[in-house]
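This report describes selected parts of one molecular structure. Please keep the sequence and the three-dimensional view at hand while reading.

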Amino acid sequence: MATGPVDPAGTDTGEPMVQAQRTFDVVVLGGGAVGENAADRASRTGLQVALVEGALVGGECSYWACMPSKALLRPGAARDAARRTPGVADPGDLDVAAVLARRDEITNRWDDSSQADWVASAGLTLLRGHARFTGPRALVVESDEGSLPVEARRAVIVATGSQPTIPPVEGLADARPWTSRDATSARHVPARLVVLGGGVVACELATAFASLGSDVTVLVRGQRPLAGAEPFAGEAVLDSLRSRGVRVVLGAQTRSVRRDDDGVRVTLEDEVVTADELLVATGRHPRTGDLGLETIGLEPGRPIDVDDALAVPDVPWLFAVGDVTGRTGTTHQGKYDARVAGDVVAARFGSDDAARAAEAAAGPWSRYRASADHAAVPQVVFTDPEVAWVGLTERAARDAGLDVRVVSYDLANLAGASVISPDYAGQAQLVLDTARDDVVVGATFVGPDAAEMLHAATVAVVGELPLSRLWHAVPSYPTVSEVWLRFAETAGL
Ligand SMILES: Cc1cc2nc3c(=O)[nH]c(=O)nc-3n(C[C@H](O)[C@H](O)[C@H](O)COP(=O)(O)OP(=O)(O)OC[C@H]3O[C@@H](n4cnc5c(N)ncnc54)[C@H](O)[C@@H]3O)c2cc1C
Ligand SMILES: NC(=O)c1ccc[n+]([C@@H]2O[C@H](COP(=O)([O-])OP(=O)(O)OC[C@H]3O[C@@H](n4cnc5c(N)ncnc54)[C@H](O)[C@@H]3O)[C@@H](O)[C@H]2O)c1
């Protein structure tokens, strides 16, 4: 923990006090899931590591993102699964108070003491406060206790995450819109919710609040939600949102927003949508605006560019991981980068000569290079149906100049699916690189519990497995994973 304040003059001027400088081998800025992981790995060759956190240790994912959003989604998904299962009595409406109470439990009521305990148990020093660079390897951490100068002898890893982007729509910022933080920590369910955006946050939170009883309208700028996914996945989510009473406006152009006594009024080109709350879900940007980056020659407000060792080119002591790099946008991929960055720092600056030599000689797909970021990033969208994909979409593969063919399969035809429900609906698709004997370069699954089906595809993409070899990976009967056999048969094996 931070040392107590030092007031050298012995007089209280009312100004924040300057504390005695602390020096560490490595300083990690940002104690989110990604920063914690990087700090832990970096300390494994004996380096002294400090982790600086300005809010809650565990970051966005634990308190305002992954965990509370999934807690809000799960009861609706379980209810819908029950409704699709013959012989199970309809569970009826959700108990909203109980759902919010479970969400509070999952976020530990926004208390990070157990995560802080873990930091201490991992041998890391936690400094609480807002960190800024004052020069190369030099920082200051501001907190209620004063101003603490901190020096990193060897390296700094930046893991300060991202923050929501509020688009410059007239009146929007003044209309007190919800960001994902407000939505995931909401104490009540608004009767009417309008969601601006058509990405992952918009689709997940529209699903959650609709299941909790809100009358939801989603304003999608394009012609379908989840524009980064295969088109059939976005279409399935669109159909499902609509089937559960969510109004989805496609091609929505938001002109202005105003809050008055009747709530929030969102003016589109040809209509006005009124709601009690407006959730802005239009993407995120790296949290680098107030980090003192200008003192080390980097531009504030921009992502921190890194190479596959997560090192900043031409700044041998500086590394960055997680959302702040703009390279990854999920916890799992950020933590993968964190493991790589931590190991690289531990090897380059620690006392283990063998590790230093191995890292210096490291190539792609070694433990010291985050190669999967270019080829095999898994993404799950916890809507109903769930959408899960890894690697390249067909379009991205063709844009990259690959010769690909696509194999699709209707999951409802599988015996395993029919056991789950006579109403099972789902679709899956592989993208195969024909120039390499049908190596799997991408896969998408849409359907109930599709999230749990993704990892086999991730293994196939990372392993660059051709379909002819996957033929020998026999899926159990009767499971939905039998789709792998059907993929092979459909492809002609
Ligand atoms: C609604 C929502 C749902 C999501 N759901 C999922 C999901 O289901 N699965 C998934 O994989 N991903 C999900 N994500 C994405 C995931 O939350 C992020 O990718 C992840 O949190 C990034 O981790 P990070 O450690 O890089 O950043 P963060 O979690 O943002 O952590 C950064 C930390 O740095 C601290 N910090 C920032 N600046 C300073 C400073 N100057 N000094 C000191 N501390 C500082 C912050 O307080 C914060 O604790 C979701 C995102 C949202 C918005
Ligand atoms: N399950 C998960 O893994 C999960 C869940 C939620 C969020 N996340 C991550 O969090 C990050 C943020 O998600 P997100 O959904 O906010 O971003 P996103 O980039 O996925 O989607 C942003 C959406 O906003 C729209 N948009 C952008 N500017 C707009 C404007 N001016 N007007 C109207 N629409 C506009 C885009 O067209 C897009 O539909 C992503 O990296 C995402 O992967 C992950």
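## Glycine 161 and its contacts

Apart from residues within four places in sequence, glycine 161 is in contact with Gly30, Gly32, Gly59, Glu60, Arg287, Gly322, Asp323 and Val324. The model under discussion is a predicted one. Glycine 161 is found in the loop between β6 and β7. There are 25 other C-beta atoms within 10 Å of glycine 161, and therefore this residue is buried.

## Threonine 160

Threonine 160 is located in the loop between β6 (146-158) and β7 (162-164). This residue has 30 C-beta neighbours inside 10 Å, so threonine 160 counts as buried. When neighbours within four places in sequence are set aside, the contacts of threonine 160 are Leu29, Gly30, Arg287, Thr288, Leu291 and Val324.

## Annotated positions

Both residues described above also appear in a database record. In an unreviewed UniProt entry, the annotation "binding site" covers Lys70, Thr160, Gly161, Ser162 and Asp323. These positions span 254 residues in sequence, and the farthest two C-alpha atoms are 22.6 Å apart, so the annotated residues do not all gather at one spot.

## The surroundings of ligand 1

Around ligand 1 there are 37 residues, of which Gly30, Gly32, Gly59, Gly161 and Gly322 come nearest. Two or more residues of this shell are given by each of the helices α1 (33-42), α2 (59-63), α3 (66-83), α6 (180-184) and α9 (331-349), and likewise by the strands β2 (49-53) and β4 (130-135). Sorted by class, the shell around ligand 1 contains 13 nonpolar, 19 polar and five charged residues.

## The surroundings of ligand 2

Ligand 2 has 23 residues around it, and those that come nearest are Pro167, Gly197, Gly199, Val201 and Gly329. At least two residues of the shell are supplied by α7 (200-211), and at least two by β17 (378-381). The element that gives the most to this shell is α7, with four residues. By class, the shell around ligand 2 comprises 10 nonpolar, 10 polar and three charged residues.

## A parallel sheet

In which order do the four strands of the open sheet stand? The order is β10-β9-β8-β14, and the pairing is parallel. The strands β10 (247-249) and β14 (277-280) are at the edges and have a single partner strand each, which means that one side of each is left without a neighbour in the sheet. On average, neighbouring strands of this sheet are turned by 20° against each other, direction ignored.

Within the sheet, five bridges join β8 (residues 192-196) to β9 (residues 215-219), and these two strands run parallel. Valine 195 stands opposite valine 218 in β9. Helix α7 packs on the sheet and touches β8, β9 and β14; the direction of α7 makes about 165° with that of β9.

## Arginine 192

Arginine 192 has its place in strand β8. Is this residue buried, partly exposed or exposed? Because 17 C-beta neighbours lie inside 10 Å, arginine 192 counts as partly exposed.

Beyond the residues up to four places away in sequence, arginine 192 touches Ser214, Asp215, Gly263, Thr274, Ala275 and Asp276. Between arginine 192 and threonine 85 there are 107 places in sequence, and the C-alpha atoms of these two residues are 30 Å apart in space.

Notes: Residues are numbered from 1 along each chain as its sequence is written. Chains are lettered from A and ligands numbered from 1 in the order in which they are written. This is a predicted model: local features need pLDDT of at least 70, side-chain atom pairs count only at pLDDT 80 or more; totals for chains, interfaces and linings use all residues. A residue is near a molecule or strand if its C-beta atom, placed from the backbone, lies within 6 Å of it. Ala, Val, Leu, Ile, Met, Phe, Trp, Tyr, Cys and Pro count as nonpolar, Asp, Glu, Lys and Arg as charged, and the others, Gly among them, as polar. UniProt positions are given in the numbering used here, feature names are shortened, and annotations may be inferred rather than shown by experiment. A residue is buried if 20 or more other C-beta atoms lie within 10 Å of its own, exposed if 12 or fewer, and partly exposed in between; C-beta atoms are placed from the backbone. Two residues are in contact if their C-beta atoms, placed from the backbone, lie within 7 Å. Two strands pair if DSSP finds at least two bridges between them. Axes are lines fitted to C-alpha atoms, for helices over the stretch in contact, and angles run from 0 to 180 degrees between N-to-C directions.
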